[in-house]
Amino acid sequence: MMTANEIRDSFKKFFESKGHLIVPSAPMVIKDDPTLMFTNAGMNQFKDIILGNATPKSRRQADTQKCLRVSGKHNDLEEVGHDTYHHTMFEMLGNWSFGDYFKREAITWAWEYLVDVLKLNPKDLYATVFEGSPSEGLARDDEAAAIWELFLPKDHIINGNKHDNFWEMGDTGPCGPCSEIHIDSRSDEEKAKVPGAEMVNKDHPQVIEIWNLVFMQYNRKADHSLEPLPAKVIDTGMGFERLVRTMQGKTSNYDTDVFQPLIQTMAAKAGVKYGENAQTDIAIRVVVDHLRAIAFSIADGQLPSNAKAGYVIRRILRRAVRYGYTFLGQKQAFIYTLVPTLVQEMGEAFPEIAAQKELIMKVMKEEEDSFLRTLDTGIRLLSGVMEETKRAGKTKIAGTEAFTLFDTFGFPLDLTQLICRENGLTVDEAGFQTEMEKQKARARNAAQKEMGDWHILREGESRFVGYDDTEYTCHILKYREVKQKKGVVYEVILDVTPFYGEMGGEVGDQGDLINGEETIHVLDTKKEAGVAVHIVDRIPTNPEAEFMACVDVEKRRAIEANHTCTHLLDEALREVLGNHVEQKGSLVTADGLRFDFSHFEKVTPEQLRQVEHIVNDRIRQDLPLQEYRDLPLEEARKLGAIALFGEKYGDRVRVVQFGNSVEFCGGCHAKSTGCLGMVRIVSESSIAAGVRRIEAITGGKVEEMMDHMQDMMTNLKALLNNAPDLVSTIKKAIDDNGELRRQVDEFKAQQAQQFKKIMIDHAREVNGVKVITGIAPLNAQNAKDLAFQLRTQFPEHLLMVIGGSADGKPSLTVAFSDDLVAEGKNAGQIVREAARLIQGGGGGQAHFATAGGKNVDGLKEAVDRVVELATA
């Protein structure tokens with residue numbers, strides 16, 4: 001039986017023998033494509049080639065690509081663990097042709113690999129072909145069907161609808177019919193009862209698609225019409241995990257050697273046996289699947305966070321924690337302990353996870369610990385909601401309450417439902433879903449864009465000249481309208497541009513397009529599919545005219561200085577902290593820079609100062625920019641250029657060098673380090689386990705900060721009568737103020753005690769309850785102290801109400817003795833009702849509660865209302 005690693009290697013060797021260049025997997029996390037957060041298909045790394053924006057280094061290529069599908073169109077997350085073949089992270093084996101071979105070779109080689117190389121039984125194979133779409137004027141794909149008839153009987157060739165057999169990159173762009181290869185792994189008895197042809201695309205767990213051959217031959221326009229692609233593309237994708245399952249004769253992907261080592265490790269940790277209990281089996285499958293997705297994402301540079309791709313990773317991790325917590329008894333962080341097993345099984349094929357094992361484990365553990373604390377908080381809050389629901393005589397938790405727990409505290413709905421069931425309650429799931437849809441609608445409305453068709457004015461490719469020039473004569477190649485919530489803007493592509501498109505953490509340029517008649521403002525520049533897209537406020541009156549593209553030079557120079565500073569910081573941090581430091585992200589703007597790096601403890605003030613001094617020394621050395629463009633990758637490595645995990649480099653790269661700092665980089669830089677003027681680190685913090693963040697400024701911004709600090713010192717001296725020793729003078733003022741505050745607190749405490757005596761002297765009994773009330777200018781803390789003193793002094797039959805009016809703000813403090821609470825008295829409920837009379841609100845526990853408001857004049861009436869409600 002072939003192992004997973006042997007199967008992967010056999011695919012590469014087969015297509016290498018067919019003249020394909022074998023290329024490495026691209027990172028799973030996509031950093032410079034605004035339309036995608038993760039690689040969700042093998043074709044993502046070839047998008048620029050398919051769109052005609054890049055030239056392939058070979059017209060035939062093949063690889064195994066790590067992919068992630070959890071959001072958007074390809075959302076498999078909720079299926080994961082519950083069936084035998086859905087995954088979040090998976091490998092996609094694929095072969096491509098860019099204007100070379102087409103359907104005949106793609107189908108023939110697929111058959112040859114499956115049947116001749118892997119020895120799959122041809123009787124178990126089925127192929128689907130596109131049945132056509134009359135509404136779009138598309139006929140059945142008879143060409144593909146005729147080729148399949150060379151290998152398969154006609155009853156194994158099945159027509160498929162547009163949903164299954166017409167592949168589209170998105171709402172617009174390359175598309176075309178596809179042909180899926182399915183395999184029937186059922187028993188002979190089952191096959192005899194129902195032919196496999198009737199089970200294709202019917203979600204049967206043993207009749208599954210293993211390979212999709214996409215024949216890209218059209219381009220979808222914004223008006224939904226189709227036009228032929230100039231160069232046809234073959235794009236195939238075969239699910240590696242599904243293929244391994246087929247080859248190893250298993251009925252589940254999870255029973256293969258891809259997953260079993262992880263599954264057995266998790267089962268041993270949980271003290272259960274895999275295969276004996278459906279509930280724990282699902283939980284184990286969820287955990288080991290999600291572990292792979294999280295580990296590979298962190299290795300590719302995406303840390304869990306509350307935004308975009310980081311939030312997706314956090315959600316996947318929390319789903320795994322929740323299953324372990326609920327079904328496997330894991331109350332402490334546990335997923336991170338599986339990382340060594342993952343590295344042992346996959347580290348050879350994907351060395352990035354082996355190299356970053358320690359970072360992956362630390363980030364995971366911190367995330368797990370954080371979410372486990374959230375679960376504890378959520379359970380406490382849910383207990384309060386359940387108590388209120390039961391007290392109101394209801395059996396169903398409101399959907400809004402469940403959604404608040406989910407949205408605010410990250411408490412999952414199914415865990416809420418599970419805990420409620422254990423307490424004899426249900427959850428208004430419809431109400432929850434209503435709130436969820438409202439939130440999704442708000443998000444959709446905020447992000448919605450409507451893209452028009454490109455208006456093509458002239459043919460050609462866009463060329464970037466911004467490394468050398470900030471002004472350049474140009475023409476508009478094409479433009480389109482973009483409608484969004486904030487209004488209408490236009491995207492423009494130029495034949496030649498000095499504008500840098502946002503990429504690699506560096507923001508895009510701003511500036512103007514100028515001719516003799518008008519000026520068009522460039523609001524931003526984005527990089528899409530390798531091309532600079534200029535965002536402008538309007539289209540010129542004559543878009544075919546010649547323009548001068550002028551970058552905002554002041555902003556560009558500031559951006560260049562800050563980008564160069566990140567390189568100098570990276571080098572200095574390695575010198576001070578050690579060679580384990582690796583860049584984990586950056587943001588470079590005209591106003592400053594942000595630099596994230598791996599390090600497992602806080603950087604001390606002394607270390608930060610040392611780093612700052614090293615960088616400033618190199619600025620004073622005025623080291624010149626040494627730039628190597630279009631350098632072969634191996635030569636760049638020989639120069640000592642630092643390669644980052646999670647980045648994909650082509651065969652030819654750009655290298656930027658300042659002294660001993662040598663890095664792969666496509667961004668804009670200062671001509672020499674002296675242009676930076678000076679650097680000042682303004683903050684250092686933690687953004688995740690093992691990842692620190694430095695924020696810094698350079699040049700004019702440092703000057704502004706120093707002016708501000710000088711002005712502040714001058715003003716402080718003036719306030720303190722120009723004292724020669726500011727530190728000692730301020731310390732004495734703080735000490736004096738503390739002593740005065742202590743005396744004031746002492747006086748207030750004495751006042752409170754006097755007030756307490758007056759309250760006791762005027763206490764009365766109402767229906768067997770000792771009622772102690774009063775109104776005084778007490779703050780909340782004084783009132784609380786009095787309440788608990790009186791509860792101790794009068795442990796039975798006590799109601800205490802204080803109306804406070806400190807600083808002109810009314811407050812209510814209510815306390816009951818424990819025996820009255822046992823009889824059903826609830827200070828929290830009563831204070832909420834009475835607080836209306838002071839135009840406020842509040843709450844608390846049954847024995848003690850407080851409220852605040854706006855109407856001081858209503859205090860007496862509010863106090864009386866508490867007494868009325870409490871003694872009724």
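Two strands are taken to pair if DSSP finds at least two bridges between them. In this predicted model, strand E23 and strand E24 (residues 593-598) clear that bar, with five bridges joining the two, which run antiparallel. One of these links is easy to pick out: Val-588 has Leu-593 of E24 as its bridge partner.

The pair belongs to a bigger arrangement. Four strands make up an open sheet, in the order E23-E24-E29-E28, and the pairing is antiparallel. At the edges sit strand E23 (583-588) and strand E28 (679-688), each of which pairs on one side only. Going from one strand to the next, the twist averages 15°.

Helices pack against this sheet too. Helix H18 (residues 605-620) lies across E28 and strand E29 (691-698), and its run makes about 135° with E28. Helix H20 (residues 699-719) also packs on the sheet, where it touches E28 and E29. The direction of H20 is at about 85° to that of E29.

Elsewhere in the chain, there is a helix-on-helix contact to look at. Two packed helices are described by the angle between their axes and the distance between the axes. For helix H9 (residues 278-299) and helix H11 (residues 339-346), the axes come within 11 Å and cross at roughly 80°. Angles of 65 to 115 degrees count as roughly perpendicular, so that label fits H9 and H11. On the H9 side the contact is made by Leu-291, Arg-292, Ala-295 and Phe-296, while H11 brings Val-339, Leu-342 and Met-346. Sorted by type, the residues of this contact come out as six nonpolar, no polar and one charged.

H11 turns up again in the lining of the second largest pocket. That pocket has a volume of about 810 Å³, and 35 residues line it. Nearest its centre lie Pro-24, Ser-25, Ala-349, Pro-351 and Glu-352. Several elements each supply at least two residues of the lining: helix H1 (4-17), strand E1 (21-22), strand E2 (60-68), H11, helix H12 (351-355) and helix H19 (633-639). H1 gives the most, with four residues. As for chemistry, the lining of this pocket divides into 15 nonpolar, five polar and 15 charged residues.

How values were computed: Residues numbered from 1 in each chain as written. Predicted model: local features only at pLDDT ≥ 70, side-chain atom pairs only at ≥ 80, totals over all residues. Heavy atoms only, no water. Axes fitted to C-alpha atoms, helices over the stretch in contact; angles between N-to-C directions. Parallel < 35°, antiparallel > 145°, perpendicular 65-115°, else oblique. Contact = heavy atoms within 4.5 Å. Nonpolar A, V, L, I, M, F, W, Y, C, P; charged D, E, K, R; others polar. 1 Å grid on protein atoms, 1.4 Å probe; cavity = no way out; pocket = protein on both sides within 12 Å on 5 of 7 lines; lining within 4 Å. Points joined across faces, edges and corners; volume = space filled by probe spheres on them.
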